[in-house]
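Colleague: Please take a close look at the second largest cavity of this predicted model. Which classes of residue make up the lining of that cavity, and which elements give residues to the lining?

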Amino acid sequence: MTKEELTLEVIDRLRDEYPDADCTLDYNEAWKLLISVRLAAQCTDARVNVVVQDLYEKYPDINAVAEAPVDKIEEIVRPCGLGKSKARDISACMKILRDEYGGRVPDDFNALLNLPGVGRKSANLIMGDVFGKPAIVTDTHCIRLVNRIGIVDGIKDPKKVEMELWKLVPPKEGSSFCHRLVYHGREVCTARTKPYCDRCCLKEICEKNGVKGE
Ligand code: SF4
């Protein structure tokens, strides 16, 4: 099987396995997803989903967050870790949305990338989930799984993995495919334990399970 064939087969199988896989960060407005992805660095999505409720209760819109003292934001987001830098980025980011984008999140990848605390992973997540544009989100699950499966070979750098996947994954599939990798990485192809290859929907095609591609 070539890498292209393997990738398409994995996409199909994961679609069957996790038809409803979606972003695991809760949000109902684009700016809230921007805040959540910043908080999610080195923190679980479940904890972020709880912490943001406190944040939005006190500061319910972009203007309110932009005007909030950074130390007050930090007090609330501290349970997510890295409180000082996350609060600083969130404050700066909301000020830019308010002052330069009329209170909207830009639907342009490079504009997103220029926002404080927004890296390629976050910018891709916003492009895919909020704007329905092609996106490849290379988080820790994605990187581990595509290496194990044999879609890429020994590439750990997130940007390099992203660039390889752009060559292999049909653009309209990218966002959902990456969400499904997260589900599969949490439930079956886990990081901390031995992966559960015996009950994996990819076991007949996965390189780590002994299948060698071309
Ligand atoms: S067969 Fe094993 S290593 Fe391969 S994707 Fe499935 S769980 Fe992961």
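Modeller: By class, seven nonpolar, one polar and two charged residues form the lining of the second largest cavity in this predicted model. The nonpolar members are L34, I35, I90, C93, M94, P116 and V118. The charged pair consists of R38 and D89, and G117 counts as the polar residue. Two elements, α2 (30–39) and α6 (83–100), each give two or more residues to this lining. Helix α6 makes the greatest contribution, with four residues; those within its range are D89, I90, C93 and M94. From α2 come L34, I35 and R38, while P116, G117 and V118 complete the lining. The space enclosed in this second largest cavity is about 50 Å³.

To place this cavity in context, the model holds two cavities of 30 Å³ or more. The largest cavity has a volume of about 90 Å³. Its lining comprises 14 residues, and C189, P195, C197, C200 and C206 are the ones nearest the centre of the largest cavity. By class, the lining of the largest cavity contains nine nonpolar, two polar and three charged residues.

A separate feature is the packing of two helices. Helix α3 (residues 45–58) packs against helix α5 (residues 70–77) at an angle of about 145°, and their axes are 9 Å apart. In this contact, V51, D54, L55 and K58 of α3 meet I73, I76 and V77 of α5. Five of the contact residues are nonpolar and two are charged, with no polar residue.

Notes: Residues are numbered from 1 along each chain as its sequence is written. This is a predicted model: local features need pLDDT of at least 70, side-chain atom pairs count only at pLDDT 80 or more; totals for chains, interfaces and linings use all residues. Side-chain values use heavy atoms; hydrogens and water are left out. On a 1 Å grid over the protein atoms alone, a cavity is a set of points where a 1.4 Å probe fits but cannot get out, and a pocket is an open set with protein on both sides within 12 Å along at least five of seven lines; lining residues have an atom within 4 Å of a point. Grid points are joined across faces, edges and corners, and a volume is the space filled by probe spheres set on the points. Axes are lines fitted to C-alpha atoms, for helices over the stretch in contact, and angles run from 0 to 180 degrees between N-to-C directions. Contact means heavy atoms within 4.5 Å.
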